[in-house]
Amino acid sequence: MAEPLNALSPLDGRYYKRVKNAAQYFSEFSYIKHRVEVEIEYFISLITLVPPLEELNNVPVSDELLLSLRSIYNDFSLEDAKWVKATEFHGGAEGGPPLATNHDV
């Protein structure tokens, strides 16, 4: 923080040095990353149901697919979080929906 008096709270102002390690758990990046993890694991649980859901009956589930899906959150980067944020708040991010979703879990 360049100027503690411009901080939103004392946590990111005068106490920043004491709490900066908590950012890995409570930052917007961390929130987005873990939300993606929950959504992917939920999807995995849906595609691996026995008996399968009719709508997902044709998804070819394999160890490779599960590893690939999990790599999305295991390898999640700041750029990925920026893409999620751009998609949610502005829509039209490359590869994303054309309209904003504006949602929180």
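Analyst: Helices (DSSP runs of H or I, at least four residues) are numbered from the N terminus. The model is predicted, so local features need pLDDT of at least 70 and side-chain atom pairs 80 or more, while totals for chains, interfaces and linings use all residues. Residues count from 1 along each chain as its sequence is written, and side-chain values use heavy atoms, without hydrogens or water.

User: How far apart are the end C-alpha atoms of helix H3?

Analyst: Helix H3 covers residues 28–47, which is 20 residues. The expected span is 1.5 Å times one less than the number of residues. That gives 28 Å for H3, and the model agrees, with its end C-alpha atoms apart by 29 Å.

User: Which residues of H3 are buried?

Analyst: Buried means under 20% relative accessible area, exposed over 50%, partly exposed in between (1.4 Å probe, protein chains only). Helices H2 (23–26), H4 (63–74) and H5 (78–90) are among the elements that cover these H3 residues by contact (heavy atoms within 4.5 Å). The buried residues are Ser 30, Ile 32, Arg 35, Val 36, Ile 40, Ile 44 and Ile 47.

User: How many salt bridges does the structure hold?

Analyst: Side chains of opposite charge can pair when their charged atoms come close. The test is a Lys or Arg side-chain nitrogen within 4 Å of an Asp or Glu carboxyl oxygen. Lys 85 with Glu 28 is one such pair, and Glu 88 with Arg 35 is another. The count for the structure is five.

User: How many residues apart in sequence are the parts that Lys 85 and Glu 28 tie together?

Analyst: The side chains of Lys 85 and Glu 28 meet in a salt bridge, 2.8 Å from N to O. Lys 85 lies in helix H5 and Glu 28 in helix H3, so their pairing ties together parts separated in sequence by 57 residues.

User: Are Lys 85 and Glu 28 buried, partly exposed or exposed?

Analyst: Lys 85 has 32% relative accessibility. Glu 28 has 42%. Both values put the residues in one class, partly exposed.

User: What N to O distance separates Glu 39 and Arg 35?

Analyst: Both residues lie in helix H3. They sit four residues apart, about one turn of the helix. Their side chains meet in a salt bridge, with an N to O distance of 3.7 Å.

User: Which helix holds Glu 88, the other partner of Arg 35?

Analyst: The closest N and O atoms of Glu 88 and Arg 35 are 2.0 Å apart. Arg 35 lies in helix H3, so the pair ties together parts that are 53 residues apart in sequence. Glu 88 itself lies in helix H5.

User: Which member of the network of Arg 35, Glu 39 and Glu 88 is partly exposed?

Analyst: Salt bridges link the three residues in a network. Arg 35 counts as buried at 6% relative accessibility. Glu 88 is buried too, with a relative accessible area of 7%. At 38%, the partly exposed member is Glu 39.

User: Which residues are joined by a cis peptide bond?

Analyst: Most peptide bonds are trans. The cis bond here has an omega of about -5°. One partner, Pro 51, is placed in the loop between H3 and H4. The joined residues are Val 50 and Pro 51.

Notes
Helix = DSSP H or I, 4+ residues; strand = E, 2+ residues; numbered from the N terminus.
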